[in-house]
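Q: Could you take me through some of the labels used for this model, and show me how each one follows from its value?

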2 protein chains.
Amino acid sequence: MDRKDRQIIRALQRNGRMTNQDLAESVNLSPSPCLRRLRNLEASGAIRGFTVDADPVAYGLPITAFVQVRLERHNEETVRQFEQRVTCLDEVQECHMLTGGTDYLLRVVVAGLDAYEDFIRNRIHPIGGIGSIDTSFVYGTVKKTGVYPMIG
Amino acid sequence: MDRKDRQIIRALQRNGRMTNQDLAESVNLSPSPCLRRLRNLEASGAIRGFTVDADPVAYGLPITAFVQVRLERHNEETVRQFEQRVTCLDEVQECHMLTGGTDYLLRVVVAGLDAYEDFIRNRIHPIGGIGSIDTSFVYGTVKKTGVYPMIG
DNA sequence: ACCTTTTTGGCATAATATGCCGAAATCCTA
DNA sequence: TAGGATTTCGGCATATTATGCCAAAAAGGT
């Protein structure tokens, strides 16, 4: 992972579907070595994959919520059960383990407030072992970028 | 935005760089109308862009933090100033406005704990008008997907 | 300075995207 | 439900792009 690899990543974070020729030009390489670097970044896991940034409202998911979850107990079985079940829920876009007061932070997308109530009651609570849930709804996004800061 | 458009979005969320021919096959269309739908989704804003999912650790950003920010006052000038300044900070990958106890939730990536301290002291605090900052570091990610749940 | 290893650039071929056309399907109205 | 208008589709020709291979240049070590 040298300076050129980071340039390639940043260029693709700005436009993940740009052609290899444009990518090569933007990092001052000819197409051949540029494509080889890209494939190496994929093979090494530095590039996990490519995605599309779709407007959730246009898609039909107008509600985004951040959900802070605390477990009742932290024995292995409770933790394992929670993580395994949460991974299977399509509404959960992310689930992170956090330092501080809460154990997990989830980002959840749903079609409406009624769908959110259904999600909490019939998807989350049945998992069991949950101590507390604290929901914050997103009512505006000031910034959203996938471009990492420059290094070196 | 019909069923096929949502299929296209979900397919591209799984692999944003798949060829139009593979995409067409996965949604049971021939390449021509599939590409036309894709271009329409881009033009309408339903598709905002394409990105690469890069491993921040491999890139050189091992620390990810969620930062909850409350402002001292909520007059227009304080809010405008905060949002304008935060948008310019490369370490800030996301900034959302939230219901509940905190005004803003930021996702921040940095090269280390010292870089985080520098970020808070020399980038965030100088903005002014900030009431409180509550940082939670990510020490594990249970799930991270860009694929929306199926609708219809 | 020499040799080894790695990375690069160019080229030929295969795969893909793009734009345009007529045909099929869908939708609206009577 | 029949008719006509509108939308969406599939196929084809052309232009653009990706891929794999080889020799040359650059980088690194002794």
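**Labels and the reasons for them**

A: In this predicted model, L113(A) is found in helix α6 of chain A, which covers residues 113–124.

Q: Why is L113(A) called exposed or buried?
A: Exposed is the word for a relative accessibility over 50%, and because L113(A) has 55%, L113(A) counts as exposed. Leaving aside neighbours within four places in sequence, L113(A) is in contact with I63(A) and F137(A).

Q: What makes E94(B), in strand β3 of chain B, count as buried or exposed?
A: The cut-off for buried is under 20% relative accessible area, and E94(B), at 7%, therefore counts as buried.

Q: How do you know that the side chains of E94(B) and R107(B) are joined by a polar contact?
A: Such a contact needs a pair of N or O atoms within 3.5 Å, and the one between E94(B) and R107(B) is 2.6 Å. The side chain of E94(B) also has a polar contact of 2.6 Å with that of H96(B).

Q: How do you know whether the span of helix α3 of chain A agrees with what is expected?
A: At 1.5 Å a residue, the 14 residues of this helix (31–44) should span 20 Å, and because the end C-alpha atoms are 20 Å apart, the two values agree.

Q: Why are the buried residues of α3(A) said to line one face of the helix?
A: These residues are C34(A), L38(A) and L41(A); seen down the axis of α3(A), the buried residues fall within an arc of 60°, so they line one face. On the other side, exposed residues include S32(A), R36(A) and N40(A).

Methods
Residues numbered from 1 in each chain as written. Chains lettered and ligands numbered in written order. Predicted model: local features only at pLDDT ≥ 70, side-chain atom pairs only at ≥ 80, totals over all residues. Heavy atoms only, no water. Helix = DSSP H or I, 4+ residues; strand = E, 2+ residues; numbered from the N terminus. Buried < 20%, exposed > 50% of the residue type's maximum accessible area, 1.4 Å probe, protein only. Contact = heavy atoms within 4.5 Å. Polar contact = N/O pair within 3.5 Å; in protein donor to acceptor, adjacent residues only side chain to side chain. Expected span 1.5 Å × (residues − 1). Arc of directions from axis to C-beta.
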